[in-house]
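Me: I am new to this structure and would like a close look at one contact, then a walk outward from there. Please keep it friendly and explain the terms as you go.

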Amino acid sequence: MTSHKTPNKLVNEKSPYLLQHAYNPVDWYPWGPEAFARAVSEDKPIFLSIGYSTCHWCHVMERESFEDEEVAHILNRDFICIKVDREERPDIDSIYMSVCQALTGHGGWPLTVFLTPDRQPFYAGTYFPKEDSRGFMGLISLLESVKEAWDSKRDNLLESAKNIIEHLTQEEVSIETEISKDIIHEAFTHFKYNFDSKYGGFGASPKFPSPHTLLFLLRYWYTQKEPFALEMVEKTLESMKNGGIFDHIGFGFSRYSTDKKWLVPHFEKMLYDNALLAIAYGETYSATGNKNYEETARQILDYVQRDMTSQLGAFYSAEDADSEGVEGKFYVWSQEEVISVLGSKDGDEYCKLFDITSPGNFEGLNIPNLIETGTLSEQQKHFAEECRKKLFAHREKRIHPYKDDKVLTSWNGLMIAAMAYCGRIFSEERYIESAKRCVDFIYKKLIRTDGRLLARYRDGESVFPAYLEDYAFLVWGLLELYEATFTTIYLKRAVKLTDAMLNLFGEKNSAGLFLYGHDSEKLISRPRESYDGAIPSGNSVAAMNLLRLARITGHHEYENRAKAIIDFFSNQMEAAPTGHSYMLCSYMYSISDISSEVVITGTKHKELVDTYNSKYLPFAVAISNITPELTEIAPFVEGYKEQNDKTAAYVCRNYSCMEQITEAKKLAEVLS
């Protein structure tokens with residue numbers, strides 16, 4: 001650790017990640033014209049480092065290199081150094097991550113890229129140790145090699161940069177043809193043969209939750225009546241909940257597991273993972289009626305309400321893996337400590353249930369888990385919960401991991417969707433209220449006076465024109481909140497944001513949506529992404545939103561736009577169907593012959609609404625509380641106003657509507 005006390009130019013930033021580096025001896029700049037102008041005037045290459053505040057290996061590289069005076073001296077002498085928070089600038093991250101993947105065949109964070117002064121990349125990698133190690137080039141050696149090449153072989157570097165840019169900007173030509181339905185079965189077959197039947201999940205290690213994959217499999221089960229699709233979902237959700245990737249003391253899920261058993265996570269907790277997992281557990285409860293899935297979804301959302309919600313109602317971004325400089329220290333236990341908190345009798349019993357031993361299961365300590373025990377009985381659950389409360393109170397006295405308290409519109413949109421959806425199907429008003437409060441926050445703090453959505457809020461500052469995923473994910477949340485409340489303002493906002501999204505990120509002659517808007521900073525390329533990675537792509541979610549809006553409003557141009565997005569990415573989907581699991585969810589909705597629109601009229605409609613909410617209906621939308629404001633958005637509901645004083649449900653499928661239903665039992669039969 002350095003004793004360096006003089007701040008660099010990151011000290012005036014709001015990003016928690018950039019502020020973590022504000023007292024490095026490296027003369028860091030934020031991304032911007034000042035850094036580029038200096039690179040040009042001094043004729044130096046740019047050293048670009050991209051990461052995020054809760055990234056374990058970002059912390060390691062900082063401690064080894066960026067806090068080291070020797071490394072800092074070389075960087076400051078020979079390069080212009082720029083730090084970027086990937087969560088604030090996904091546009092920059094996406095472009096240069098594509099470069100790294102093209103050059104090395106892999107990517108990750110920290111992302112290390114060397115650029116010419118005009119931002120063109122000529123070399124990229126990820127984590128580098130300070131010194132050479134086991135045949136792996138260290139950062140000092142790399143910096144010396146790049147400096148030498150810049151001085152003596154610059155033409156080669158510039159030619160390399162030119163080739164990389166040409167590759168980056170050469171967009172795959174799409175024939176925009178309709179996809180064959182076979183792609184759905186092909187994706188299912190891939191998942192089936194990659195499924196870990198013993199521990200759940202897909203592949204070996206590391207294992208990521210990938211909840212949108214589970215959402216695809218639920219829809220495959222629903223449409224194809226394929227029991228193994230549901231078996232894969234249930235086995236995976238049960239295994240993750242029993243594993244150490246779930247925090248059995250404080251709730252919430254870590255980002256991924258380093259082993260195939262889900263035992264040892266990278267301990268950081270991300271808002272987006274927990275939002276999508278709450279939806280996956282909630283949907284699986286809706287599909288099966290198994291209360292264990294409801295319990296897990298509630299525990300996720302309770303964790304978010306307790307630890308990840310600001311006083312103003314917005315949701316924070318993440319919690320770090322490290323505390324006191326040690327990964328996982330906050331979360332692990334010795335057997336002796338557990339027994340000291342719970343007492344000998346209860347402590348022994350708890351340790352047996354949760355695999356807590358004297359030798360330990362993680363570096364001499366223990367990650368509580370139920371991998372061998374399995375799902376607890378009701379009596380065991382009651383016992384475990386009483387112990388958990390005591391252990392939680394004890395753990396609260398420890399030094400907590402760092403919390404990244406910036407508010408990202410996109411991830412907040414996902415959590416709004418999770419809170420609203422689970423609140424609706426669990427009949428839990430406090431979750432719906434959380435979703436409402438967050439929407440209120442966004443509309444107060446993250447929308448400019450001209451209506452332009454912004455991407456990030458922190459410490460009173462709202463900045464960066466919002467990206468495609470900000471618009472798409474927020475609309476997802478608004479649509480879920482509309483169905484949870486039937487309050488027209490949420491639908492009205494979803495329509496307005498969707499229209500703005502199509503204008504900002506679309507082109508007249510192109511169906512795929514760009515990552516950043518035409519009014520944003522012009523970078524070296526303007527990517528369009530369809531790949532569903534840790535989170536679904538903005539295009540995948542936009543397509544789903546457009547389909548839902550078409551069914552709710554009756555405006556079929558939204559459906560045409562959704563299908564055009566899907567067709568635009570047909571080549572990519574056919575090349576890697578499992579990498580487009582949420583886009584395939586949208587595709588399945590677009591071709592489904594069992595999708596439904598349910599209009600519920602009358603003021604005493606609770607029983608009918610509860611019946612609708614009790615069913616697993618992934619390809620359905622509901623409309624109620626018909627008002628003049630609603631008929632402006634969805635003109636087709638005007639015809640239902642005549643019966644508005646009479647409580648009834650109208651179910652429409654394949655462009656035709658059934659006769660009115662007044663009894664909940666009959667509605668349940670029709671929806672089934």
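Which residues in α13 meet which residues in α14?

Reply: Happy to start there. This is a predicted model, in which local features need pLDDT of at least 70 and side-chain atom pairs count only at pLDDT 80 or more, while totals for chains, interfaces and linings use all residues. Residues are numbered from 1 along each chain as its sequence is written, and side-chain values use heavy atoms, leaving out hydrogens and water.

Now to your contact. Helix α13 spans residues 335-342 and helix α14 spans residues 344-353. (Helices are DSSP runs of H or I with at least four residues, strands are runs of E with at least two, and both are numbered from the N terminus.) On the α13 side, the residues that take part are Q335, V338, I339 and L342. They meet S344, D346, G347, D348, Y350 and C351 of α14. (Contact means heavy atoms within 4.5 Å.)

How do the two helices lie against each other? Two packed helices are described by the angle between their axes and the distance between the axes. For α13 and α14, the axes come within 7 Å and cross at roughly 135°. (An axis is a line fitted to C-alpha atoms, for helices over the stretch in contact, and angles run from 0 to 180 degrees between N-to-C directions.) α13 and α14 are therefore oblique to each other. (Under 35 degrees counts as roughly parallel, over 145 as roughly antiparallel, 65 to 115 as roughly perpendicular and the rest as oblique.)

Another helix pair can be read in the same way. Helix α10, residues 227-242, packs with helix α11, residues 271-288, at an angle of about 130°. The axes of α10 and α11 are 11 Å apart. That angle makes α10 oblique to α11. From α10, the contact takes in L230, V233, E234, L237, M240 and K241. Facing them in α11 are L277, A280, Y281, T284 and T288.

Let us turn to the strands, beginning with β4, which runs over residues 111-115. Is β4 covered or open? It is mostly covered, with 5 of its 5 residues buried. (Buried means under 20% relative accessible area, exposed over 50%, partly exposed in between, using a 1.4 Å probe and protein chains only.) L111, V113 and L115 on one side are buried, and T112 and F114 on the other side are buried too.

β4 also has strand partners. One of them is β2, residues 46-51, which pairs with β4 in the antiparallel sense over 5 bridges. (Two strands pair if DSSP finds at least two bridges between them.) Within this pairing, T112 of β4 stands opposite S49. β4 also pairs with strand β5, residues 121-125, in the antiparallel sense over 4 bridges. There, V113 has A124 of β5 as its bridge partner. The hairpin of β4 and β5 has 5 residues between the strands, and in it R119 takes a positive phi near 75°.

Just ahead of your view of β4 is a cis peptide bond, which joins W109 and P110 with an omega of about 5°. P110 belongs to the loop between α5 (90-104) and β4. Another cis bond links S205 and P206, with omega about -5°. P206 sits in the loop between α8 (182-194) and α9 (211-224).

There are open sheets to find as well. In one, 3 strands follow the order β13-β14-β15 with antiparallel pairing. β13 (407-408) and β15 (461-465) are at the edges with a single partner strand each, so one side of each has no neighbour in the sheet. Strand β14, residues 454-458, pairs with β15 over 4 bridges, and L454 has P465 in β15 as its bridge partner. Another open sheet of 3 antiparallel strands has the order β8-β9-β12. Here the edge strands are β8 (269-270) and β12 (403-404), each with a single partner, so one side of each lacks a neighbour in the sheet. β8 joins strand β9, residues 318-319, through 2 bridges, and K269 has E319 of β9 as its bridge partner.

Two loop residues round off the tour. F486 has a positive phi of about 55° although it is not a glycine. F486 lies in the loop between α18 (468-485) and α19 (488-505) and counts as buried at 6% relative accessibility. N625, also not a glycine, has a positive phi of about 55°. N625 is in the loop between β17 (620-624) and α25 (628-633), and at 39% relative accessibility it counts as partly exposed.
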